[in-house]
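Please look over the strand pairing in this model. A short report follows.

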Amino acid sequence: MQFDFGDQELRVTDHEGSTLRVGLKNCGIDGLGGPIVARGYETVTFTAESLSLPDINVAVLDTSGRQVDATTGDRGTKRHRTPVQLRVDGAVRARCWVETGAGEPVELLESSDGVRLVCETRLHVWLGCKRPNERHTITVPRSIAGVADALSRIHGVAERFDYDRASPFASTALPRVEWGERTPPPDELRIDGRPDVLFRVPRRLDELALLMPLVYYTGGVVTITPESDPVAEFAGDEFQIGRRVGYDPDVVFRLLFRLDRLLALEESSDEQKGAEYELVDAPSLDELGLDASTLADDPGPRAKQYLRMDESPDDVLSRFPDWHLSVSINPTLENVRRVVPTLCDWPVIRIAEHDGVVVDNPMERPEEGHGGVVEKVKRVSGEARTNGWLAQGVPTTGFKLFSEWTDPGDPIDTEDGESITVTVAHCSRKADGSYGTGATSEQEAAAVRHGFERHPGDFDTTVRTVEEPTVDELASAVEDGPDLFYFAGHATDEDGIVCDDGTLDGTVLDDTGLRVFFLNACETYSVGRELVRSGAAAGVVTGDIAATFEASPIGSDWALLMARGWAIQTALDRVQSVYDSDDYFVVGDGREVVTQSDATLPPTVRVSDTDSDDTYRVEITHDQPFDPGAIMNGTFDDDGHGRIPGTGSVHHLSRERLSEWLDDHLDSPVFYDDDLYWPQQREWLNTPE
C-alpha cells in the first residue's frame, strides 16, 4: 500500500492501482502507536481536525463492533462517544480507529457524499488498509491428518483471540486448502495454534468436520489420536466434545461466540464512560451469573469459564435468536476441504441427515448426466435461518451445494462507480416446436427489465435483452459473464433450455464469469447445476413445473432484491413466501451477494395495519446469512437498545412518520399485507408519492 498525504486528502493506492481517498483538514502525521493489530493491514497514524470517507459502504461501529446508525439512519448530524471504529469495504478495504484528544464526543455528519467526522479539538486516527479477500493457500497431504494440520494453521490470519474475536470488525478471508506435499506457510500464517487450546480427535472425518468452526474460533491445535472420542483441552481442563459423547461441538462454538459478544458489549459500555447498551432478546452477563471483570482474555481459560456455568449451554443458547447459517455435509475429504474457506462466515457444520425422499413431487433428473433420478430430501440436519446442503440429493429447504463449491466473491460496490450487468433472455418456443401463449416468456422478461427501470437504485445498471435466441446466441449470452442472468421460457431435463433452433445443454458451456442466474422454466435443475460447475456462484432453478401466473413477479422481485444487496437464498425465501410458492430452489452458494447494500445487513421490513387508520405496525429484522457478530442499533425510538441479527424490532408509526422513513430508504422493499412493495409505491399507504 502507498500512502500519499496531500493538503486536503490522503490517497491510498494498492499495487493494482485501486485507490481510497480520505478527506482531511489540517492533517498532522505523528508517531502515535495504535490499537489496530490486524494481519495483512498496513497502518498509518495521523491527527486532523476532520476526516471524510466516501459513501462506499462505510460502517460506523463502537469499540465492541456494535454498528451505530450514522450510515443507515436519517441523513444529518449525530454525536457519538469516542473511540469509534469505521469499516470501509471497497476496492481498498480500510479499518479506522478514531479517538479525540480530550475524550469528547465526535460528530458524525452524513451526506450523499459520504461520512465526515469532526470534533472540538483534534481527531487521533489510526488507519489500516489492505486489498479485500487476499487469499493464501495451505498445501497439505490428502488425508485426515492433512486436514487437521490445515485447521491448526488457518487462524494465522486472525486479528485477535480475545472477546472481540466475534466482532464483524475482526473478520478476514481464510486461506484455501490444496492437496499435495506439505509446504511451509507464508509469513502471514506462521502461528501454529494457541497452546491453551488443544483438540485430540480420532481418525474419523465426521468428528473432525463438526469441530472445524470451534477450532478456527479458538485458534486451537488439532492432533489425530487413537482415542475413541474427541477431547478438547481448554487451559489444562479436558472436555469431551463430539458427535456421540459430551458436548455438541456446534453448541460449544455458538456458546463461546454469543457470550464473547455479550462480554464485548459490557466492556464497550465501560469504555464509553457509563453508556448503557442493552441488548433486546438476549440475556446479560449478570443474568447468566458471569462477572466480566473475572473473564479471561485468552480463549482457552475463557471457554473453560463458560462451560463451568451453572446454566447448561443449551439453555443459554435458547435465549438467543437462531443461528444465521449451517452447512450440512457428507464428510468426505473433498467436501471438508471446500468448507474451510467459509469458516470466516461462522457457519455451524452438520453431518447431512434427512428423513427420507419426498415423493409428492419427485424430480426426475440426474446427479451426474441425464437419465437418472435426483432425490428431493427433507433435511433434518441444520437448524439455522439459512442452510446449505453439500451431500447427495436436493433439499426441500436451503441451497444445494456441489463438490466444485467455492466461496463467494466480493460484492459489486455500486457506490464506488461500479455498474451491474444484467442479461434478460426469453424464448417462447416449447420443446414440441409450438409457441407459448398467455403469460408468455416475453412478458416475464419485460417484468424483470422494467423492474430495474422503475426502481433503478443509486447505481448504474446495464440491461441487455436477448429475444428468441438460437442455441449459439444463448450460449454466448451466458459465457459473456453478466452479473445477473435471467431466462424465461421452456426447458426439459433431458435436453436442456429450449431455444429458437434447438436446445442448450448446460454441459457444453465453457467456463464463464456468470455470477447469479434465474432459470424461469420447467425442469432446469440439470442446466443450473452445470452453470455452477462452469463457474457461476449460484442460481435459482425449478424442479418440475413453475406456475406461470406466479413466474413473472417471483423472478422480477427476486432480481430487484439481488440488485440491492440481498443474499440469493434470503431473496428467494422472501419472494416465494409472498406468492406462496415452493417451485424454486437455489443451486450453488445461497450466501452469494451481487451488490453491496447501503446497509451492512439489508433489512426485512414488514408493515401491517393497526386499529388506528393513521398508525402502522412496522417490524424490521436483519436476517441475512452473514455477520452474526453485528449488533444493530434501533431504527426509530429505541436508541440505546441493540439487537442481534435475527431478532426484529417492532414500532408503531404514524402515516406521516412512515412516509418520511420510506423517503429516506428508497432501496428497502416493504412487505405489506403479504405483498411486496417498493418505497416508491405508496398506494397501500394512501399517501402521495
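In which sense do strand S3 and strand S5 pair, and over how many bridges? Strand S3 (residues 19–25) and strand S5 (residues 42–54) are antiparallel, with three bridges. Two strands count as paired if DSSP finds at least two bridges between them. Helices (H or I, at least four residues) and strands (E, at least two) are DSSP runs, numbered from the N terminus.

This is a predicted model: local features need pLDDT of at least 70, side-chain atom pairs count only at pLDDT 80 or more, and totals for chains, interfaces and linings use all residues. Residues are numbered from 1 along each chain as its sequence is written, and side-chain values use heavy atoms, with hydrogens and water left out.

Strand S5 has these antiparallel pairings:

| Partner of S5 | Bridges | Opposed residues |
|---|---|---|
| S3 (residues 19–25) | three bridges | Gly 23 and Ser 52 |
| S4 (residues 28–29) | two bridges | Gly 28 and Thr 47 |
| S12 (residues 114–130) | 12 bridges | Cys 129 and Glu 42 |

Strands of a sheet pair through backbone hydrogen bonds, either parallel or antiparallel.

Now a second sheet. Three strands form an open sheet in the order S30-S31-S32, and the pairing is antiparallel. Strand S30 (491–492) and strand S32 (502–504) are the edges; each has a single partner strand, so one side of each lacks a neighbour in the sheet. Strand S31 (residues 496–499) joins S32 through three bridges. Ile 497 has Leu 504 in S32 as its bridge partner.

A helix completes this part. Helix H8 (residues 471–479) lies across S31 and S32, at about 20° to S32. Contact means heavy atoms within 4.5 Å. Axes are lines fitted to C-alpha atoms, for helices over the stretch in contact, and angles run from 0 to 180 degrees between N-to-C directions.
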